[in-house]
Amino acid sequence: MAAAAARSRCWAALGRARASSSSSCLRWGLRGPAWPALGARPELLLLPPRRCLSSRNRPEGKVLETVGVFEVPKQHGKYETGQLFLHSIFGYRGIVLFPWQARLYDRDVASPVPEKSESAAGHGSKEVKGKTHTYYQVLIDARDCPHISQRSQTEAVTFLANHDDSRALYAIPGLDYVSHEDILPYTSTDQVPIQHELFERFLLYDQTKAPPFVARDTLCAWQEKNHPWLELSDVHRETTENIRVTVIPFYMGMREAQNSHVYWWRYCIRLENLNNEVVQLRERHWRIFSLSGTLETVRGRGVVGREPVLSKEQPAFQYSSHV
């Protein structure tokens, strides 16, 4: 109750600040995020706007522009198609296309009664019971991609090309999968608040709706056509020495090559530093098991050509690849 009352007072303070000021409390840097602590946790966003606009807290050379007004994050239920948001970890602007109901296997949460039919177990790992968790397929604002490159790849979804296509893989940039708790919702009066080549193809502005962006038939058709490759079904998470690793695998399909079958997978990995100490990822070591009984080992420097540093200011790094 005390925490709820504190949150209410914070929101009330924000409301008073908006009423006494001609500018909105939600702002974004034209040349980068205005709030370095945006990725810390959502509670930090419930601060009076003067804190956000102070020159002492704003990185040198950053310019602010009005984006919209925060809404209270949903503790229950899910966000609808067309919901605008800021990513709580990476800080980019985005919009929800549609939700996915995934099975989250969190190895940091003990399962009192293991159920084999509902659990995922790897070689040498403990058996964990999965629980339903909401994720969202989203569009990323293209203006923010250059400013999150140190904390995340510019996310894209990779597809397996048709048999008659000379390319093995192709990607659609600016698509991401976002967990429910990473959504910081906001509203905007802008009829095109997100810059992405698919925004106006997928979404239509309708001021009578809430949120005021509804799915076009093209979005529904695209989702149905690509459902097997887009669907997020399993998410795996584990923390070791205050480093939390989240892995989302996607089965892309099978292709024949040189009289044999090649099975393609893509995966998204997020690394989060939950401690105050600075750490750096220097190398990777993969042990890839297949149902046929084979084991493939991969070692090398960094990931996707990077050796990311995870600090208190930038605690997370995310990337995608395929195998």
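1. Helices and strands first: the protein has four helices and 21 strands. Bear in mind while you look around that this is a predicted model. Of the 323 residues in the protein, 41% are buried. The protein exposes about 18100 Å², and carbon and sulfur atoms supply 51% of that area.

2. How does the chain meet itself? Take the contacts between residues at least 6 apart in sequence: 64% of them join residues at least 24 apart. Some of the pairs below show this kind of link in detail.

3. Aromatic rings are a good place to start browsing. Searching the whole structure turns up eleven aromatic pairs. One of them is Y79 with Y136: the ring centres are 5.9 Å apart and the planes meet at 55 degrees, so this pair is tilted. Planes have to be over 60 degrees apart to count as edge-to-face. Y79 comes from the loop between β2 (64-70) and β3 (84-87), while Y136 belongs to strand β7 (residues 131-140), so the pair links distant parts of the chain, 57 residues apart. Both partners are worth checking for exposure: Y79 has 2% relative accessibility and therefore counts as buried, and Y136 is buried too, with a relative accessible area of 0%.

4. A second pair to click on is Y177 with F250. These rings are 4.8 Å apart, centre to centre, with 35 degrees between the planes, and the pair is again tilted. Because Y177 lies in strand β10 (residues 175-179) and F250 in strand β15 (residues 243-257), the pair ties together parts that are 73 residues apart in sequence. Y177 and F250 are both buried. F250 has another partner as well: the charged end of R266 sits over its ring, 4.2 Å from the ring centre.

5. Which residues make up the aromatic cluster that includes W222? Its members are F98, W100, F202 and W222. W222 also shows up among the buried residues of helix α4, which are L219, W222, N226 and L230. The spacing of that list is easier to read with one rule in mind: an α-helix has 3.6 residues a turn, so residues three or four places apart point the same way.

6. While you are at helix α4 (residues 217-230), have a look at its course. There is a kink of about 45 degrees at E224, shortly before the proline P228. P228 comes back in the next point.

7. Y251 sits in strand β15. Is Y251 buried, partly exposed or exposed? Its relative accessibility is 37%, so Y251 counts as partly exposed. Setting aside residues up to four places away in sequence, Y251 touches P228, W229, Y263, W264 and W265. Y251 and L230 are 21 residues apart in sequence, and their C-alpha atoms are 9.1 Å apart in space.

8. T246 is another residue of strand β15. With a relative accessible area of 8%, T246 is buried. What does T246 contact, beyond neighbours within four places in sequence? The partners are Y135, V235, H236, R237, C268, I269, R270 and E272.

9. C268, one of those partners of T246, brings up the cysteines. C268 counts as buried because its relative accessibility is 9%. C145, at 11% relative accessibility, counts as buried as well. If you are hunting for disulfides, a search of the whole structure finds zero.

10. Now the backbone oddities, beginning with a cis peptide bond. This bond joins A210 and P211, and omega there is about -5 degrees. P211 is found in the loop between β12 (203-205) and β13 (213-215).

11. Two positive phi values deserve a look. E241 is not a glycine, yet it has a positive phi of about 50 degrees. N242, also a residue other than glycine, has a positive phi near 70 degrees. Where is E241 placed? It lies in the loop between β14 (234-240) and β15, and N242 has its place in the loop between β14 and β15 too. As for exposure, E241 counts as exposed at 75% relative accessibility, whereas N242, at 38%, counts as partly exposed.

Technical notes
Residues numbered from 1 in each chain as written. Predicted model: local features only at pLDDT ≥ 70, side-chain atom pairs only at ≥ 80, totals over all residues. Heavy atoms only, no water. Phe/Tyr/Trp six-rings, centres within 6.5 Å; stacked < 30°, edge-to-face > 60°. Buried < 20%, exposed > 50% of the residue type's maximum accessible area, 1.4 Å probe, protein only. Lys NZ or Arg CZ within 6 Å of the ring centre and 35° of its normal. Bend = angle between axes of the 7 residues up to and from the residue. Contact = heavy atoms within 4.5 Å. Areas by Shrake-Rupley, 256 points an atom, 1.4 Å probe, with all protein chains shown as cover. Disulfide = S-S within 2.5 Å.
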